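Let's walk through this model together, one selection at a time. Have your viewer ready, and keep a backbone torsion display within reach.

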Amino acid sequence: FGILAMEVGCEIQRIAAWVWKEWAGTGWLTAVVALCVLLAFVRGLPKSEISYCEMKPSKSNVSAVQRPSTLAPVDRSAVKLIVATAKKLEDSLAGRGISSWESLSSVRGCERWIRFEGCKFNSMGRMFIPYSRDSVLCFALSSAGRKSDPLLESESSADLDPSPLAAHLPGARRLAAARTRTVTRPPLPGVRPREAIGIRGVWVDATGRGLVVSVPDSGDIAPGHVRAQVALGAAVVPVHGGCMVTVVQCVNPGPGAPRLLLGPFAARRCLTPLWVKEAMSKIGPSLTVQVPSQAAEHDTSVSFELVARIVESHRRVEADISGQRWELYGVRGGCSQYLQREGSMMNSKGLGTVKQARDKIVDFVTSEEGRRLTDDMFASERVVERLPLAAVQRALESAEVQRVQIVHTITKSPVPGVAPRDAVTCQVVYLEPAARNRAVVLMVPWEHPDAPVKPGRVRSTVSGVAVVSPVADARSPTCELTTIQRVDPGGVVPHWAVNTFAPKRCLLPLLVEQEMTKLDHRRPQ
């Protein structure tokens, strides 16, 4: 194979030299060849592997048991470790082996135990939290929940196919798995940051307990960081008026860790349930739901991570529409265009007035007809699955959830030679309380086994929000429409080329007003 590759390379080099010699003077041919090479390079090439510095954003699927085939499966060794750690967690919950733990004084109702094993330390904390099981698990998996740890600097995750894990966990429901990367700040000056890579599994067992188990995994770490190994087991047990949360952690901080700090650090890690409770109390009902004395069994068809993403998008709505960190690009036809740079991508925001009723606008922007009339690159759209409203309704207590569905959208190629794109999103429509009387449409990136990536297409990531606010003093039904779109087309299309379309996406409120007016004129009076 090596000799054959060398011969092919020499032949290609010879042909290229002959073409250049014969046609070097014809600039048009050189330009055509360069353009063909560029289009062939751009057309649907997948992204390279993500480096240790930036892990791909999480893309969970909607089903609790099935996962799309595009996800990598959980490694067999990780499956064994997760099952073994779950058994140890079961022993801790049953009180077996508790005599080997050293009991510490409780802090604000959080019971604490620690145990040392050489350079490793184990910590266990237990506390009652007056929130439902689903609320606690969704919060713990959200970015706000992860930031409840004072020493956490960053955490990223990439979802995995949990099918190998499901075979070893009989009775498990709403199973999800992910590969995580966590970086913690140094507790003292001169101590290097710690970085831990792990495999996390989340599920509900046959008794209704929510379980989170994370085990160490291999992988490259960032320069200047020290590899740490962390094994974690957490159980959220529903009880009268809330749930009892138990978190067991085994941490090996790696070389260079001051041994004098291990004891205080272990005692501090026992307070994880307390941190979660305090963080949930600060955020309030917009993220979590206090349960009644008799809590009903929750839906099993909507995964925790989907609810967590919906709640996180819901919390960002106010910050997104407030105008902070947005720069005014221009005003066209009464529609204000705002742009916001996020990394190398440009987000789009449009603000305009639509002389239509609130519910009518919502139906138009979420319909296939509305998408076709307001988007030149729209090809087709279908509803993959409609989901129960109860789980999302509990997470968004103050809102009235009207629709939760998985939508698969296909868009045309903007330039000949570039592969068409498709996107899978979870569309959520809800009404805010009467004080605001706003309607909100959320678009959350998602994956679904019934919408796999097909050859010839590139999977893009699309998220956004549309807020429809009625104007009180208007003579006729009039609403203020705010739209925000975040688009990553995938593949290797340069981001600067994608950003050229950002100002056009800001004009969605203007297009909605124009197209709805045309439809009214076409309909018979």
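Start by selecting the loop between β1 (102–107) and β2 (110–117), where you will find Arg-108. Keep in mind as you look around that this is a predicted model. Is Arg-108 buried or exposed? Its relative accessibility is 58%, and exposed means over 50%, so Arg-108 counts as exposed. Now check the backbone: although Arg-108 is not a glycine, its phi is positive, at about 50°.

Next, select strand β5, which covers residues 173–184, and pick out Arg-174 in it. What is the sign of phi at Arg-174? Here too the residue is not a glycine, yet phi is positive, at about 55°. Then switch on the surface. Arg-174 has a relative accessible area of 2%, and the cut-off for buried is under 20%, so this arginine is buried.

For the last stop, go to strand β11, residues 327–332, and select Tyr-329. With a relative accessible area of 51%, Tyr-329 is exposed, because that value is over 50%. Which residues does Tyr-329 touch, once its neighbours within four places in sequence are set aside? Show the side chains of Gln-337, Tyr-338, Leu-339 and Pro-503: Tyr-329 is in contact with each of them.

Before you leave Tyr-329, add Lys-349 to the selection and draw a C-alpha to C-alpha distance. The two residues are 20 apart in sequence, and the distance between their C-alpha atoms is 9.8 Å.

Conventions:
Residues are numbered from 1 along each chain as its sequence is written. This is a predicted model: local features need pLDDT of at least 70, side-chain atom pairs count only at pLDDT 80 or more; totals for chains, interfaces and linings use all residues. Side-chain values use heavy atoms; hydrogens and water are left out. Helices (H or I, at least four residues) and strands (E, at least two) are DSSP runs, numbered from the N terminus. Buried means under 20% relative accessible area, exposed over 50%, partly exposed in between (1.4 Å probe, protein chains only). Contact means heavy atoms within 4.5 Å.
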